[in-house]
Amino acid sequence: MNTVLESDVHIEDVRAVFLTADNLKVAASILYNAYHDDPLFMDIFQAEKEGYEGRLRSAIREELDAFWDAGQPMIGLFEDSRLLAVTCLTKPGSSFSSGRFWHWRLKMLLTAGYFSTRAMVEKEEKIRSAMPAEHYHMVSFIAVHPDHQHHGLGHVLMGAIDSIVNEDSSSEGVGVFVSLPKYLKFFRSGFYQQISVITVSDVTGEILFKPKPLV
């Protein structure tokens with residue numbers, strides 16, 4: 001018997017594939033909904049001030065465009081042509097770091113503002129300095145569409161992340177920064193280990209790392 005999600009998605013029919021340019025608009029919408037109430041993003045993009053939604057949407061769009069332009073891994077879970085979940089990773093040893101590219105910073109300054117851009121760069125610099133490896137993947141975004149949550153798709157995404165990491169001979173593992181308890185539980189269930197606790201702006205979170213299995 002097939003396992004059926006409340007949203008009528010058959011999990012056996014879900015496939016993990018790399019996103020194409022045509023998928024980025026829907027991916028941005030899924031990420032926006034997932035991170036709208038995240039304390040870190042609310043702090044960085046100043047949720048208390050008018051225009052928060054616009055700043056967040058713009059930042060996510062610029063991030064996805066930068067990931068695409070740099071050829072970083074972006075994985076989606078699909079049932080047929082419907083995008084259900086998405087995750088974005090950075091590759092080991094990539095120049096795609098806190099500095100990004102000068103045009104990315106300029107776009108972020110224009111769309112999200114100086115405070116938000118500085119806070120995002122600060123976050124990534126703190127995370128990078130705390131990592132226990134030199135060559136690693138990093139989970140930058142992970143989200144499941146609101147209509148399909150709590151039915152195992154997150155763990156399917158985690159399996160896709162593991163496959164990317166394990167197939168890359170240069171990678172020592174994968175890290176993630178988490179500021180919400182429910183996500184800590186999720187990643188710990190996938191054998192991610194706490195490395196450090198950091199504070200970005202006014203939000204405290206944990207850096208987790210999953211070493212690549214020794215062959």
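A residue counts as buried here when its relative accessible area is under 20%, and as exposed when that area is over 50%. By that yardstick, 50% of the 215 residues of the protein chain are buried. The model is a predicted one, so everything below describes a prediction. The chain holds seven helices and seven strands. Read along the sequence, they come in the order β-α-α-α-β-β-α-α-β-α-β-α-β-β.

Two of the helices make a good starting point. Helix α3 covers residues 52–70, and its 19 residues should span 27 Å at 1.5 Å a residue; the C-alpha atoms at its ends are in fact 27 Å apart, so the model agrees with the expectation. Its buried residues include the nonpolar-looking stretch members Leu56, Ala59, Ile60, Leu64, Ala66 and Phe67, but Arg55, Glu62 and Glu63 are on the buried list too. Just after α3 comes glycine 71, with a positive phi near 70 degrees.

Helix α6 passes the length check as well: 15 residues at 1.5 Å each should give 21 Å, and the end C-alpha atoms are 21 Å apart, which agrees. Among the buried residues of α6 are Leu157, Met158, Ile161, Asp162, Ile164 and Val165. Leucine 153, another residue of this helix, has a relative accessible area of 1% and therefore counts as buried. Its C-alpha atom is separated by 7.3 Å from that of alanine 85, although the two residues are 68 apart along the chain.

A similar long-range contact turns up in a loop. Aspartate 202 belongs to the loop between β6 (193–200) and β7 (203–211). With a relative accessible area of 67%, aspartate 202 is exposed. Between aspartate 202 and aspartate 43 there are 7.1 Å from C-alpha to C-alpha, against 159 residues in sequence.

Backbone angles come next. Most residues other than glycine have a negative phi, yet two loop residues go the other way. Glutamine 46, in the loop between α2 (39–44) and α3, has a positive phi near 55 degrees without being a glycine. Aspartate 80, in the loop between β2 (74–79) and β3 (82–90), is not a glycine either, and its phi is positive at about 55 degrees. What sets their surroundings apart is accessibility: glutamine 46 is at 15% and so counts as buried, whereas aspartate 80 is at 62% and so counts as exposed.

The aromatic side chains form six pairs. One of them joins tyrosine 35 and phenylalanine 141, edge-to-face, with 5.4 Å from centre to centre and 75 degrees between the planes. Tyrosine 35 sits in helix α1 and phenylalanine 141 in strand β4, so this pair ties together parts of the chain that are 106 residues apart in sequence. Both of these residues are buried. Another pair is made by phenylalanine 187 and tyrosine 192: the ring centres are 5.0 Å apart and the planes stand at 70 degrees, so this pair is edge-to-face too. Phenylalanine 187 has 2% relative accessibility and so counts as buried, and tyrosine 192, at 3%, counts as buried as well.

Tyr35 and Phe141 also belong to an aromatic cluster, together with Phe41 and Phe45. Elsewhere, a ring meets a charge: the charged end of arginine 57 sits over the ring of tyrosine 32, at 3.7 Å from the ring centre.

Finally, there is the second largest pocket, with about 500 Å³ of space. Its lining takes in 21 residues, and Val144, Gln149, His150, Tyr183 and Phe186 lie nearest the centre. The elements that give two or more residues to this lining are helix α1 (24–35), strand β4 (137–144), helix α6 (153–167) and helix α7 (181–189). Sorted by character, the lining of the second largest pocket has nine nonpolar residues, eight polar ones and four charged ones. Some of the elements named here have already come up: α1 and β4 hold the two partners of the pair between tyrosine 35 and phenylalanine 141, and α6 is the helix where leucine 153 is found.

Technical notes
Residues numbered from 1 in each chain as written. Predicted model: local features only at pLDDT ≥ 70, side-chain atom pairs only at ≥ 80, totals over all residues. Heavy atoms only, no water. 1 Å grid on protein atoms, 1.4 Å probe; cavity = no way out; pocket = protein on both sides within 12 Å on 5 of 7 lines; lining within 4 Å. Points joined across faces, edges and corners; volume = space filled by probe spheres on them. Helix = DSSP H or I, 4+ residues; strand = E, 2+ residues; numbered from the N terminus. Nonpolar A, V, L, I, M, F, W, Y, C, P; charged D, E, K, R; others polar. Expected span 1.5 Å × (residues − 1). Buried < 20%, exposed > 50% of the residue type's maximum accessible area, 1.4 Å probe, protein only. Phe/Tyr/Trp six-rings, centres within 6.5 Å; stacked < 30°, edge-to-face > 60°. Lys NZ or Arg CZ within 6 Å of the ring centre and 35° of its normal.
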